Amino acid sequence: AALYYILKGRALKKDYPLTPGLKQARYRKPATGSVADKTYWHPMRSGGASFQTHRLLTLSHDKLLLKSSGQVKAFFMVFVLVGINGMVFSLLKFIQQEGLDAALYNPIRMVESLFSTGLIFVTVGLVLGSMFGSMDTLFNKSSGLLSNNTVSGGKTSLLLYKIHALQIIEETVGSKHGVFKSYELNVVQNDGERLHLMDHGNYLAINSDAERLAEFLAVPIWEN
């Protein structure tokens, strides 16, 4: 299996040399051919994050891990902290209204005071943080598999040899904080089907990760 990727990678480097002016652009290739003709170019997931959601880690010579970044965990931790602050405020307000002695003699009502909007923020932060914080993808040449953790908690597996290309799609995302560019990275299979990997606004990071991944898999990068 390792020899297959080495030979395939050398052939790709020969056919597609480095592009002048770009630090890493060896694997950029026009999306042409029968697979490209049946590959969709609309984003698999609308929207995106303005910050870097994933980063590519090298575990060994035959394993790469696309892991959720610390920024994702920090983003959802903000929800938790805001929620805790709201719960403490509700508790203090209850004690102020009832008096400390009365509040201590009514522990059930004291606990009920915590069930405020703050609890919703804490729950959302913990649930979403657990879901999106575990969306990692392992590329393992030893087993010949891509293992992808989904938002729903399931796992998707794909044979590496079925990966035909990597796809980068640029999307303009609007929010109450303004407009920004987000870049979606997908795996394109031999039959044109796609598998979502990540989507965020740090182009330099997603470009670097895509180039490393393309070299590892010995496949080209298609970009709109």
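**Confidence, fold and salt bridges in a predicted model**

Over residues 15-24, pLDDT (the predictor's confidence in each residue, from 0 to 100) remains under 50, and the model has 12 contacts for this stretch beyond four places in sequence, a contact being heavy atoms within 4.5 Å. Where pLDDT is low, the predicted coordinates should not be read in detail. The structure is a predicted model, in which local features need pLDDT of at least 70 and side-chain atom pairs count only at pLDDT 80 or more, while totals for chains, interfaces and linings use all residues. Residues are numbered from 1 along each chain as its sequence is written, and side-chain values use heavy atoms, with hydrogens and water left out.

For the protein chain as a whole, the average pLDDT is 77, and 68% of the residues score at least 70. The chain holds 7 helices and 9 strands, taken as DSSP runs numbered from the N terminus (helices: H or I, at least four residues; strands: E, at least two). Of these elements, helix H1 (residues 2-15) has the lowest mean pLDDT, 54, and E3 has the highest, 93.

Turning to packing, 39% of the 224 residues in the protein chain are buried; buried means under 20% relative accessible area, exposed over 50%, and partly exposed in between (1.4 Å probe, protein chains only). The protein chain exposes about 12,600 Å², with carbon and sulfur atoms supplying 61% of that area, as computed by the Shrake-Rupley method with a 1.4 Å probe. Among contacts between residues at least 6 apart in sequence, 61% join residues at least 24 apart.

Which charged side chains pair up? Side chains of opposite charge can pair when their charged atoms come close. With a salt bridge defined as a side-chain nitrogen of Lys or Arg within 4 Å of a carboxyl oxygen of Asp or Glu, the count comes to 2 salt bridges.

One of them links Lys-67 with Asp-136, with 3.7 Å between the closest N and O atoms. Lys-67 sits in strand E2 (residues 63-68) and Asp-136 in the loop between helix H6 (117-132) and strand E3 (137-140), so this pair ties together parts that are 69 residues apart in sequence. Lys-67 is partly exposed at 28% relative accessibility, whereas Asp-136 is buried at 14%.

Glu-170 and Lys-181 also form a salt bridge, at 3.1 Å from N to O. Because Glu-170 belongs to strand E6 (residues 163-175) and Lys-181 to strand E7 (residues 178-189), the pair ties together parts that are 11 residues apart in sequence. Glu-170 is partly exposed at 37% relative accessibility, and Lys-181 is partly exposed with a relative accessible area of 37%.
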